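Q: I have a new model open and would like to learn how to read it feature by feature. Could you walk me through it?

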Amino acid sequence: MGAIIALIVFAVLGGSTVDIIDIVTDQYVWRIIRFTLWQAALSTVLSAVLAIPVGFLLFENKYFYGRELLLRLFAIPLVLPQIVAVLAIVSLYGNQGFVTQALEGAGLPVGTIYGLSGILIAHVFFNMPLIARVVLGALNAMPSEYERLSHQLDMGAMQRLRHICWPYMRPALFNASALVFMLCVTSFTVVLTLGGGPRATTLEVGIYQALTFDFDIPRAVVLTAMQLALTAFAVFMFARAGGNIDAGMTLERTRPLIIKRDIRQTVLSVVVLGLAALFVASPFIAIFVKGIAADLLKLIGQPAVQNAILTSFVLGALAASLCIIVTLALCEGAVRKGPMQGIYSHAASLVLVVPPIVIAAGWFILLRPFVIVYEAAPYLVVCVNAAMALPFAMRFVLPARQAAAQRHDRLCAQLGLYGFNKWRLVLLPTMIKPLSVGFAFAFALSLGDLGVIALFGSEKVQTLPFLILQRMGSYRTNDAAGLALMLCIFTLGILMLADRSSISLKGKK
């Protein structure tokens with residue numbers, strides 16, 4: 001909040017009114033705004049249109065072999081560091097990419113990956129699986145007798161989609177699409193690396209360029225205010241999207257619904273789901289192939305890489321620890337009855353309104369008169385990354401704390417257990433699973449973040465994503481691929497370890 005106040009104060013007191021008016025009326029600024037909205041709208045529409053048949057066919061084919069594996073594959077882009085996915089997409093669709101070479105060999109025209117096309121491919125890679133999973137979840141909540149009756153009436157797939165599934169799919173689809181639009185409006189890493197120049201620049205990248213290259217603080221302030229307005233608009237859309245539907249009656253399904261499908265629908269399902277799986281899996285295959293081809297042992301032996309790995313893990317662990325501490329404080333306020341209870345419950349969600357680069361820009365302006373900003377980079381990275389992970393950590397921890405409050409708080413009060421003893425003896429054993437998952441998720445998000453470190457990074461403070469960006473910028477793509485493979489392994493390893501730990505803890509109980 002202090003960072004945002006700093007931006008407002010500077011806009012009112014620090015800059016010339018004439019300068020600000022000139023910036024607001026600058027055609028380049030409005031071109032950035034138009035491109036920000038255009039790429040976000042296109043990315044959202046493409047992701048939603050592709051997700052509808054994928055989610056519907058996943059619902060229609062509940063019992064095929066490999067369905068759970070496909071759903072797990074669709075979950076990985078949600079936690080994959082964006083710089084890793086960008087490098088993988090360049091390995092596939094770049095000038096020397098696998099797909100590009102195959103298309104050239106077939107005599108087909110090939111465009112450039114840099115610009116709007118690359119941004120759209122990356123955004124669809126991240127967001128199509130998200131929308132498909134949300135759509136599938138909505139369809140799974142549909143009363144089972146509706147599906148059974150549709151097959152008894154011998155309705156075709158398109159008829160079931162239109163008359164039975166669409167009313168249940170639509171609210172979830174619109175809500176997920178509004179969220180995706182907001183994510184695309186605030187996209188930074190994808191546009192920074194794949195934008196390809198001034199014609200493909202968004203507000204987030206414009207803020208970064210104004211502070212890092214031009215050192216034009218009035219322009220950064222104006223662009224930040226516009227970014228906040230667009231994000232608030234996206235949040236408004238998210239709140240207004242979709243709608244409610246009647247739940248209907250739900251019968252308990254005692255046995256699976258066995259359906260005989262014609263060969264055309266089976267072939268269609270195999271083709272659509274196969275292409276979706278290939279589209280999502282191919283970047284992982286590409287980064288693995290390119291990463292293995294790099295000299296990993298030589299890379300690990302470089303002092304710069306060792307320092308980047310150590311810095312990433314230290315900053316990630318500190319950010320995750322701070323995130324969990326703040327999360328627990330908010331959860332304590334959320335379970336205590338009073339006028340502030342609702343504020344504590346939803347405080348973390350407010351972070352989604354303000355993108356990381358906006359918070360970083362505010363701190364940049366706030367601290368610049370007092371300290372050398374780049375020397376404060378570690379503290380800023382930890383604080384901003386901890387704040388950005390708060391909404392996700394709260395989703396894991398708050399329900400567990402609310403359940404523990406209903407079960408144990410009254411008894412603890414009767415026994416005189418408060419403070420540390422209450423947490424050590426009662427709450428911690430029941431909340432260790434969500435706390436570990438929340439910590440791992442915050443750790444993974446911080447480990448792969450590029451937005452804050454791109455603004456404050458220097459030769460003294462470098463993380464793995466920052467080092468990957470540098471190696472990509474100096475055309476050392478083999479080194480970048482090897483570092484991306486390491487970062488991918490670290491991120492997925494942390495999440496898998498947390499998942500295994502949660503399963504083992506559940507088993508012990």
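A: Happily! Let's begin with a single residue and its neighbours. Setting aside residues up to four places away in sequence, Phe-456 touches Ala-360, Phe-364, Val-373, Tyr-374, Ala-377 and Leu-380. Please keep in mind throughout that this is a predicted model.

Q: To what larger group does Phe-456 belong, and how many residues are in the largest nonpolar core?

A: The general idea first: in soluble globular proteins, nonpolar side chains tend to be buried together. In this chain, the largest nonpolar core has 143 residues, and Phe-456 and Ile-468 touch the most other members. Helix α18 (residues 377-415) gives the largest share of this core, with 14 residues.

Q: What does the overall make-up of the chain look like, in helices and strands?

A: Counting the elements is a good habit before zooming in. The chain has 22 helices and 0 strands. Of its 509 residues, 49% count as buried. Among contacts with a separation of 6 or more, 81% come from residues 24 or more positions apart.

Q: How should I read the confidence, and which elements have the lowest and the highest mean pLDDT?

A: Start from the chain average, then go element by element. The mean pLDDT of the chain is 77, and 82% of the residues reach 70 or more. Helix α1 (residues 2-14) has the lowest mean among the elements, at 46, while helix α15 (residues 303-334) has the highest, at 89. Over residues 1-6 the pLDDT is below 50, and this stretch has 9 contacts in the model beyond near neighbours in sequence. Residues 244-255 also stay under 50, and the model has 20 contacts for them beyond four places in sequence.

Q: Let's look inside helix α15, then. Is Thr-327 buried or exposed?

A: Relative accessibility is the number to read here, with under 20% as the cut-off for buried. Thr-327 lies in helix α15 and counts as buried because its relative accessibility is 0%. Beyond four places in sequence, Thr-327 is in contact with Leu-390, Ala-393, Met-394 and Val-397.

Q: And how do I describe the way two helices pack, for example at what angle α5 and α13 cross?

A: Look at the distance between the axes and at their crossing angle. The axes of helix α5 (residues 82-93) and helix α13 (residues 263-293) come within 8 Å and cross at roughly 90°. Angles of 65 to 115 degrees count as roughly perpendicular, so α5 is roughly perpendicular to α13. On the α5 side the contact is made by Val-84, Leu-87, Ala-88, Ser-91, Leu-92 and Tyr-93, and on the α13 side by Phe-279, Ser-282, Pro-283, Ala-286, Ile-287 and Lys-290.

Q: Helix α13 also holds Val-272. Which residues does Val-272 touch?

A: This is a case for comparing distance in sequence with distance in space. Val-272 and Val-54 are 218 residues apart in sequence, with their C-alpha atoms 6.8 Å apart. Leaving out residues up to four places away, Val-272 touches Pro-53, Val-54 and Leu-57.

Q: What about a polar side chain: which residue shares a polar contact with the side chain of His-123?

A: For a polar residue, check both its accessibility and its partners. His-123 is found in helix α7 (residues 116-140) and, at 4% relative accessibility, counts as buried. The side chains of His-123 and Ser-43 are joined by a polar contact of 3.0 Å. Beyond four places in sequence, the contacts of His-123 include Gln-39, Met-128, Cys-184 and Val-190.

Q: How accessible is Val-134, which is also found in helix α7?

A: Val-134 is partly exposed, because its relative accessible area is 31%. Not counting residues up to four places away, Val-134 touches Ala-172 and Ala-176. Val-134 and Gly-55 are 79 residues apart in sequence and 8.1 Å apart from C-alpha to C-alpha.

Q: To finish, where is Asp-449 found?

A: Loop residues can be read with the same questions. Asp-449 is found in the loop between α19 (419-447) and α20 (451-456), and at 18% relative accessibility Asp-449 counts as buried. Beyond four places in sequence, Asp-449 is in contact with Asn-385 and Pro-465. Asp-449 and Asn-385 are 64 residues apart in sequence, yet 7.7 Å apart from C-alpha to C-alpha.

Definitions and conventions
Residues numbered from 1 in each chain as written. Predicted model: local features only at pLDDT ≥ 70, side-chain atom pairs only at ≥ 80, totals over all residues. Heavy atoms only, no water. Helix = DSSP H or I, 4+ residues; strand = E, 2+ residues; numbered from the N terminus. Buried < 20%, exposed > 50% of the residue type's maximum accessible area, 1.4 Å probe, protein only. Polar contact = N/O pair within 3.5 Å; in protein donor to acceptor, adjacent residues only side chain to side chain. Contact = heavy atoms within 4.5 Å. pLDDT = per-residue confidence, 0-100. Core = buried A, V, L, I, M, F, W, Y, C linked by side-chain atoms within 4.5 Å. Axes fitted to C-alpha atoms, helices over the stretch in contact; angles between N-to-C directions. Parallel < 35°, antiparallel > 145°, perpendicular 65-115°, else oblique.
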